Amino acid sequence: MSDPAQVTAGETADHHDHDHQHHGHDHGHDHGHDHGHTHSHSHGHKHHKGLKGWLFELFVPHSHDAADSVDDALEASAEGIRALKISLFMLLGTTVLQFLVVLASGSVALLADTIHNFSDALTAVPLWIAFILGRRAATRRYTFGFGRAEDLAGLFIIAVVALSAVLAAWQSVDRLLNPQPLHNLWWVMGAGLIGFAGNEAVAIYRIKVGRRIGSAALVADGVHARMDGFTSLAVVLGAAGVLLGFPLADPIVGLLISAAILVLLWGTVRSIGRRLMDGIEPELVDLAYETLEDIPGVLGVARLQLRWAGHRLQGAATVVVGDTSLVLAEQTLAEAGRRLRHALPKLDDMILTPITGKP
């Protein structure tokens with residue numbers, strides 16, 4: 001077959017309604033290599049065991065769920081924006097309540113927690129803008145679209161979290177060097193519990209929606225809220241320490257909060273960094289290989305690439321077909337596109353190119 005077809009997964013829905021225009025390509029592939037691909041056929045995530053595993057799943061949750069997904073790009077973006085709107089107002093309400101207690105009590109630990117809650121609310125704004133940008137069509141300058149804006153917003157989230165940790169640490173050190181009496185400690189404990197409840201509700205909501213739509217940035221924002229919730233519990237412990245006669249418990253807890261934020265931030269850095277480097281979950285690659293190799297007429301997969309652009313998938317694959325006609329090869333690719341979109345609902349664009357080979 002001297003002029004192989006090239007089909008994208010997005011073209012398969014109306015493949016039989018019109019003729020495609022094909023261009024000649026020079027595929028200088030060496031077909032002497034083995035096209036086989038070894039699958040584990042286990043597409044679930046690796047789950048860590050014990051306390052370490054519980055903490056890992058709590059603060060570094062997976063950013064996608066292939067079995068429970070939103071398969072329409074506009075619907076996914078709309079759901080992400082809705083999650084940001086709701087959680088933004090919830091966090092702002094929590095922050096206002098906590099700040100009123102800070103003014104009444106002078107607790108530096110609660111101030112650190114309030115600052116972090118406010119920064120968490122602010123991170124929703126650039127992510128909101130990124131979701132809106134991601135809905136724009138590709139242009140001649142940005143030919144892949146604007147999905148990467150979402151991952152760049154993830155970098156902003158990381159920077160804000162790190163800055164809030166440094167600010168909280170500075171306030172705590174200052175209070176250690178210049179101790180001041182605390183007041184209304186029961187109010188401080190109540191505000192800490194309110195902060196935990198509000199942030200955990202936001203975290204659960206953001207992470208759930210982020211996993212559904214495949215948004216690493218929204219999952220990262222949910223983890224950020226979860227960190228805030230646990231730092232709010234730490235504020236309660238600091239206030240309890242002061243009530244028990246240890247006045248330095250409050251600034252010490254503030255320092256521990258800052259250290260915990262920086263340590264837990266590493267998981268988010270890795271997740272966002274992997275997206276920016278076009279990293280992909282191996283189980284998604286295995287699923288794509290398995291889907292293609294199960295199609296009648298496909299002898300193997302010579303090359304497969306997948307990447308995330310925001311919360312949507314893009315990719316390309318070179319499939320090995322028998323020495324057949326161009327029409328049959330194109331029909332095989334059309335079927336491959338349909339099956340890939342069914343197996344990977346977040347897939348927006350997949351370029352499929354056939355090469356001839358022998359089983």
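Visitor: In what order do the elements of the chain run from the N terminus on?
Guide: The order is β-α-α-α-α-α-α-α-α-β-β-α-β, which adds up to nine helices and four strands. Keep in mind that this is a predicted model.

Visitor: How much of the chain counts as buried?
Guide: Of its 359 residues, 48% do. The accessible surface comes to about 17500 Å², and carbon and sulfur atoms hold 63% of that. As for contacts with a separation of 6 or more, 78% are between residues 24 or more positions apart.

Visitor: Why is the pair of Y142 and F146 called tilted?
Guide: This is the one aromatic pair in the structure. The ring centres of Y142 and F146 are 5.0 Å apart, inside the 6.5 Å limit, so they pair. Their planes stand at 40°, which is neither under 30 degrees nor over 60, so the pair is tilted.

Visitor: Is that F146 buried or exposed, and what about Y142?
Guide: F146 has 13% relative accessibility, and the cut-off for buried is under 20%, so F146 counts as buried. Y142 comes out at 43%, between 20% and 50%, so Y142 is partly exposed.

Visitor: What lies over the face of F146?
Guide: R136 does, at 4.7 Å from the ring centre. R275 is placed over the face of W308 in a similar way, at 4.3 Å from the ring centre. Each distance is within the 6 Å allowed for a charge over a ring.

Visitor: Which residues touch the most other members in the largest nonpolar core?
Guide: That core has 43 residues, and the ones touching the most other members are L84, L110, L127, F131, V188, I213 and L218. Helices α2 (73-105), α3 (108-134), α4 (148-177), α5 (185-213), α6 (216-243) and α7 each supply at least two of its residues. The most come from α6, with nine. A second, separate core has 25 residues, including I295, A336, L340 and L352.

Visitor: What is V188 in contact with?
Guide: Setting aside neighbours within four places in sequence, V188 contacts V101, S105, S107, L110, H183, V235 and A239.

Visitor: How do you know that T318 is buried?
Guide: The relative accessible area of T318 is 11%, below the 20% cut-off, so T318 is buried. T318 lies in strand β3 (residues 312-321). Beyond residues up to four places away in sequence, T318 touches V301, A302, R303, T353 and I355.

Visitor: What makes the phi of D278 worth a look?
Guide: Phi of D278 is near 60°, a positive value in a residue other than glycine. Most residues other than glycine have a negative phi. D278 lies in the loop between α7 (249-276) and α8 (282-293). With a relative accessible area of 32%, over the 20% limit for buried but not over 50%, D278 is partly exposed.

Visitor: Which elements have the lowest and the highest mean pLDDT?
Guide: Helix α1 (residues 50-59) has the lowest, 47, and α8 has the highest, 92. The mean for the chain is 75, and 78% of residues reach 70 or more.

Visitor: Where does pLDDT stay under 50?
Guide: One such stretch is residues 11-48, with 53 contacts in the model beyond four places in sequence. Residues 62-71 are also below 50, and that stretch has 40 contacts beyond near neighbours in sequence. Where pLDDT is low, predicted coordinates should not be read in detail.

Terms used
Residues numbered from 1 in each chain as written. Predicted model: local features only at pLDDT ≥ 70, side-chain atom pairs only at ≥ 80, totals over all residues. Heavy atoms only, no water. Buried < 20%, exposed > 50% of the residue type's maximum accessible area, 1.4 Å probe, protein only. Contact = heavy atoms within 4.5 Å. Areas by Shrake-Rupley, 256 points an atom, 1.4 Å probe, with all protein chains shown as cover. Phe/Tyr/Trp six-rings, centres within 6.5 Å; stacked < 30°, edge-to-face > 60°. Lys NZ or Arg CZ within 6 Å of the ring centre and 35° of its normal. Core = buried A, V, L, I, M, F, W, Y, C linked by side-chain atoms within 4.5 Å. pLDDT = per-residue confidence, 0-100.
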